[in-house]
Amino acid sequence: MSKKESILIIGAGLCGSMLALRMAQRGYQVDVYEGRPDLRTTDISAGRSINLALSDRGLKAIKMVGITDKVTPFCIPMYGRMMHDIEGNMFTSNYSGRDGEYINSMSRGTLNGLLLTEAEKHANVNLHFNKKCTGVDIENTIAKFKCYLTKEKSEVDADIIFGADGAGSALRKSYYLEKKFLFSNSQNYLTHGYKELEIPADKIGNHRISKDHLHIWPRGQYMLIALPNLDGSFTVTLFLSYDDGEYNFNNLTTIEKVTEFFKTQFPDALELIPDINHEFFNNPTGALGTVKCSPWYFKGKTLLMGDAAHAIVPFYGQGMNASFEDVIVFDEILEKHQGDWTATFKAYENARKEDADAIADLAIDNYYEMRDHVANPIFKEKRRLEMALEKAFPNEYFSKYSMVTFNEDINYAKALKIGRAQDKALLNLIADSEIDTNGDLQDILKRVQQETNEILQEDKIAGLK
């Protein structure tokens, strides 16, 4: 494939900056346009960051572009969940029964900034900020921009255009507005939104609760989660309905009502958030949605990638990891189809679409698991047993969470199919008292595998994937 082609990437977020770096390393001329200011010089989080949970799929991409040594110093390992009940009691649930498996809490802005800096080191990369894409002529590969600073409009002609501009992608919008081809597009939102809060560090800069865990306050119809930061603080996220239930974003309009909500539902968390008034009423409420669309490409000219093609809710911690894996898969396919962008784009979507849909569904699954099930006694027993099986049989048993998070060689679609069947088998065996959960682990493993295989066979007969 000729390296003379000019590459235009719309969006300098995590996916766009990772793609820019990799394409630059391959020798392409790359221009990246971003509507926001340069996050390395301007604070643009505005209470919308949702800390990253960096895991194996994302780390594989970071290794691919050769910046592992620059990223790992900013990671905080989290070995499991710590649940907080309404009485203030805590219990933990490890992410894996195998040694050395954990996810990493990392600042979104820090990682994004590192990628931009690495990309900018290449002479064949140009970054353009404050340039919002207003539309794309997909037939002629011309992108239209408006500068936030000067209000001037401009057009950029490129050979290939990548839309890595998130869930509100201008390129995806152009796909259905221009009506050049049959394009399916869906955006489904949860009835819940989110708001960021903060648990500050103590007076000497230490974390006030365990930094080795992702903290969850599950309450059925709503929940809090908290991820640690390097400065000793925690980024806290409240997930709450917009208008359902006794407490919702639409009726929490006074500090008295907000305080009542936290005192009755999250009393131990409230003690850790000293400025709940400022935090709650000054940080925006964000929406949570899933994007599915097809096709991702138009001829050999444009391609959607990352959230622009498949935005997901954040409850599996896989949004960024999935976007980074997009770049890995694309890079592998680019190697195979030298000289043919149409074949590259088609093969890429064929290889990736099923997995993108699967992780979107898995993220919804995990939303209900974290909100409703983690404190359930049967679910807690299931997780305890899974950890024991993984510890005893590290090469034979993988929980659904482990398949998704710690095994990048198992694709998302396979993890969804096997993981759901395995979960059903385990929960049924425990609920029906068909196994002694304190019995011989070898016998339990055989029984779980047998039940899982039977469920998979039933699903196959029923025509379910």
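**Close-up 1. Helices α10 and α11 pack against each other in this predicted model.** Helix α10 covers residues 319-336 and helix α11 covers residues 341-373. Their axes lie 9 Å apart, and the angle between them is about 150°. Angles over 145 degrees count as roughly antiparallel, and the two helices α10 and α11 are therefore roughly antiparallel to each other. The crossing of α10 past α11 is right-handed.

**Close-up 2. Here are the residues where α10 and α11 meet.** From α10 come Ala322, Glu325, Asp326, Val329, Phe330, Ile333 and Leu334. Facing them from α11 are Trp341, Thr344, Phe345, Ala347, Tyr348, Ala351, Arg352 and Ile359. Sorted by class, the residues of this contact between α10 and α11 comprise 11 nonpolar, one polar and three charged.

**Close-up 3. Val329 is a good residue to pick out in helix α10.** Is Val329 buried or exposed? Its relative accessibility is 16%, and because buried means under 20%, Val329 counts as buried. Which residues does Val329 touch, once its neighbours within four places in sequence are left aside? They are Tyr348, Ala351 and Arg352, and these three also appear on the α11 side of the contact between the helices. As a guide to distance, the C-alpha atoms of Val329 and Ile142 are 26 Å apart in space, with their positions 187 residues apart in sequence.

**Close-up 4. Asp331 forms salt bridges with Arg22 and with Arg26.** Side chains of opposite charge can pair when their charged atoms come close. For Asp331 and Arg22, the closest N and O atoms are 3.0 Å apart. Asp331 lies in helix α10 and Arg22 in helix α1 (residues 14-25), so this pair ties together parts that are 309 residues apart in sequence. Both Asp331 and Arg22 are buried. For Asp331 and Arg26, the closest N and O atoms are 2.6 Å apart. Arg26 sits in the loop between α1 and β2 (29-33), so its pairing with Asp331 in α10 ties together parts that are 305 residues apart in sequence. Arg26 is buried, as is Asp331.

**Close-up 5. Glu325 of helix α10 pairs with Arg57 of helix α2.** The side chains of Glu325 and Arg57 form a salt bridge with an N to O distance of 2.9 Å. Helix α2 spans residues 56-64, and this pair links parts of the chain that are 268 residues apart. Glu325 and Arg57 are both buried. Elsewhere, Lys382, Arg383, Glu386, Lys400 and Asp423 are joined into one network by salt bridges that share partners. How many salt bridges does the structure hold? The count is 25.

**Close-up 6. Helix α1 crosses helix α4 (residues 108-120).** The axes of α1 and α4 come within 9 Å and cross at roughly 25°. That angle makes α1 roughly parallel to α4. The crossing of these two helices, α1 and α4, is left-handed. On the α1 side, the contact is made by Leu14, Ser17, Met18 and Leu21. On the α4 side, Arg108, Leu111, Asn112, Leu115, Leu116, Glu118 and Ala119 take part. The contact of α1 with α4 has seven nonpolar, two polar and two charged residues.

**Close-up 7. A cis peptide bond joins Ser294 and Pro295.** The omega angle of this bond is about -5°. Where is Pro295 found? Look in the loop between β17 (285-294) and β18 (297-298).

**Close-up 8. Asn130 and Ser433 each have a positive phi without being glycine.** For Asn130, phi is about 60°. Asn130 is found in the loop between β8 (125-128) and β9 (131-137). With a relative accessible area of 14%, Asn130 is buried. For Ser433, phi is near 55°. Ser433 lies in the loop between α14 (412-431) and α15 (441-461). At 62% relative accessibility, Ser433 counts as exposed.

Definitions and conventions:
Residues numbered from 1 in each chain as written. Predicted model: local features only at pLDDT ≥ 70, side-chain atom pairs only at ≥ 80, totals over all residues. Heavy atoms only, no water. Axes fitted to C-alpha atoms, helices over the stretch in contact; angles between N-to-C directions. Helix = DSSP H or I, 4+ residues; strand = E, 2+ residues; numbered from the N terminus. Parallel < 35°, antiparallel > 145°, perpendicular 65-115°, else oblique. Left-handed = near helix turned anticlockwise from the far one by under 90°. Contact = heavy atoms within 4.5 Å. Nonpolar A, V, L, I, M, F, W, Y, C, P; charged D, E, K, R; others polar. Buried < 20%, exposed > 50% of the residue type's maximum accessible area, 1.4 Å probe, protein only. Salt bridge = Lys/Arg side-chain N within 4 Å of Asp/Glu carboxyl O.
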